[in-house]
Amino acid sequence: MTKEIYEELIEKEIEELENTSRYEETKEFIQHGETSVYEHSIKVAYLSCEIAMKYNLKVDYKLLIRGALLHDYFLYDWHDRKAHDGWHGFRHPKRAWENAKKEFSLTKVEGDIILKHMFPLVPFLPKYKESWIVCMADKISATTETVEILKRRIAIGM
Ligand SMILES: [Fe+2]
Ligand SMILES: [Fe+2]
């Protein structure tokens, strides 16, 4: 695997999702700070591939990428308390999985990536290498996005 190949694969999968599902709606929902769910999910996909390549892990890159792109496919504004039933942190993996299942025939690996990405908050142990990678990449991305907000707030003296 090379960076060029996985970048091309990611672009291809994004295009495919945009053409066949409600994927573009994720652009409208904010994940952390100013990062949309769309941008966040793409970041997680890039980082997941980077991790797999760096440690030379034998993974299915297509499934890794699709799982990463769909891991937060919950399709609501989680900051809006009226938009969901509460406990977003615990419940959104299941919601994302249900939404994804409606539009795609998910493989076991993709399903596991989506359902287990909040481990250890959600106490279901990821089963596949791909699920562990996305779980880690998600935490790294979320931390970076939150640090960026803090830096910006400090810079403007809030
Ligand atoms: Fe998530
Ligand atoms: Fe996420």
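User: How far apart are the iron ion (ligand 1) and the iron ion (ligand 2), and which residue coordinates both?

Analyst: This is a predicted model. In it the two iron ions, ligand 1 and ligand 2, are 3.4 Å apart, and Asp72 coordinates both.

User: Which residues are the protein donors of the iron ion (ligand 1)?

Analyst: Start with the donor atoms. Asp72 donates through OD, while His92 and His117 each donate through NE2, and these lie 2.0 to 2.1 Å from ligand 1. Along the sequence, the donor residues of this ion follow the spacing D-x19-H-x24-H. Asp72 sits in the loop between helix 3 (61–70) and helix 4 (88–103), and His92 sits in helix 4, so this pair ties together parts that are 20 residues apart in sequence.

User: Are Asp72 and His92 buried or exposed?

Analyst: Both Asp72 and His92 are buried.

User: Now the helices. How do I read the packing of helix 2 and helix 6?

Analyst: Two packed helices are described by the angle between their axes and the distance between the axes. Here the axes of helix 2 (residues 37–54) and helix 6 (residues 129–155) come within 8 Å and cross at roughly 125°. The two helices are therefore oblique to each other, and helix 2 passes helix 6 in a right-handed crossing.

User: Which residues make the contact?

Analyst: From helix 2, they include His40, Val44, Leu47 and Ile51. Helix 6 contributes residues including Ile133, Ala137, Ile140 and Glu145.

User: How many residues of this contact are nonpolar, polar and charged?

Analyst: The contact of helix 2 with helix 6 has nine nonpolar, three polar and three charged residues.

Methods:
Residues numbered from 1 in each chain as written. Chains lettered and ligands numbered in written order. Predicted model: local features only at pLDDT ≥ 70, side-chain atom pairs only at ≥ 80, totals over all residues. Heavy atoms only, no water. Donors = N, O, S within 2.8 Å, 3.2 Å for Na, K, Ca; no water. Helix = DSSP H or I, 4+ residues; strand = E, 2+ residues; numbered from the N terminus. Buried < 20%, exposed > 50% of the residue type's maximum accessible area, 1.4 Å probe, protein only. Axes fitted to C-alpha atoms, helices over the stretch in contact; angles between N-to-C directions. Parallel < 35°, antiparallel > 145°, perpendicular 65-115°, else oblique. Left-handed = near helix turned anticlockwise from the far one by under 90°. Contact = heavy atoms within 4.5 Å. Nonpolar A, V, L, I, M, F, W, Y, C, P; charged D, E, K, R; others polar.
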